Amino acid sequence: MNNSTNLPNVKIIETELKRERNKIKFRKIIKNTIYSLIVVAAIAALIATLVLPVLQISGTSMEPTLNNSEIVILLKSNNLKRGDLCAFSYSNKILIKRVIGLGNDVIVIDDDGNVFVNDTLLNEPYINEKALGECDIEFPFTVPENEYFLMGDQRLTSVDSRSTVIGCINGEQIVGKLFLKIWPLSELSIL
């Protein structure tokens, strides 16, 4: 056998082997990358569903605080205090309102839209205009134990706990409290 004729064949075989090894290595990298992306997406979906749900605002009942099409993140919690913005389940929808009264609070809203909780006038810098709005309950109104009295910031048009259609909200209906406004990015803020 002539070594000089076998030498090019050996180089060709070595080159081909190297190319095949690189193909296998590349496929392995792609496969691992895809698996990693799937795991990250699954973890993100779990977090978004179980801990930090994301909602898009629909409607005007929370203006000027929240506007139509803005996107917010909730914190899964029903540990609410007066003034918190919360999301709750009502009639197969998620609604967002502000906590005005807690269980056993006495609420009074006068004809001018001034809100009193336990005989104290609420300071409400988050509303543009005071109004009694759509109200068919009688005042003074006592919030039932373990329930919340909620109102929209757009007092004239918001349908909320002032109406017997919605009424007070119990803890089981609470989805969470608003934590962060993320869209539009220019208005990124903690709520």
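The protein exposes about 12,000 Å², of which carbon and sulfur atoms supply 58%. This value, like the others reported here, was computed from a predicted model. Buried residues make up 32% of the 191 residues in the protein.

The fold contains one helix and 12 strands. In order from the N terminus, the helix is followed by the strands, α-β-β-β-β-β-β-β-β-β-β-β-β. The radius of gyration is 29 Å, whereas the globule rule gives 16 Å for 191 residues; the protein is therefore more spread out than a compact globule. The C-alpha trace spans about 110 × 30 × 25 Å along its principal axes. Among contacts with a separation of 6 or more, 58% are accounted for by residues 24 or more positions apart.

The charged groups were also examined. The protein carries 20 positive and 22 negative charges, and the mean positions of these two sets are 25 Å apart.

One of the lysines, Lys-181, was considered at the level of individual atoms. Lys-181 is located in strand E11, which covers residues 174-183. With a relative accessible area of 6%, Lys-181 falls under the 20% cut-off and is therefore classed as buried. Two polar partners were found for the side chain of Lys-181. The side chain of Glu-70 makes a polar contact with that of Lys-181 at 3.4 Å. In addition, a polar atom of the Lys-181 side chain lies 3.2 Å from the backbone oxygen of Thr-65.

Key: Residues numbered from 1 in each chain as written. Predicted model: local features only at pLDDT ≥ 70, side-chain atom pairs only at ≥ 80, totals over all residues. Heavy atoms only, no water. Helix = DSSP H or I, 4+ residues; strand = E, 2+ residues; numbered from the N terminus. Rg over C-alpha atoms; globule rule 2.2 N^0.38 Å. Buried < 20%, exposed > 50% of the residue type's maximum accessible area, 1.4 Å probe, protein only. Contact = heavy atoms within 4.5 Å. Areas by Shrake-Rupley, 256 points an atom, 1.4 Å probe, with all protein chains shown as cover. Lys, Arg positive; Asp, Glu negative; His and termini not counted. Charge placed at Lys NZ, Arg CZ, Asp CG, Glu CD. Polar contact = N/O pair within 3.5 Å; in protein donor to acceptor, adjacent residues only side chain to side chain.
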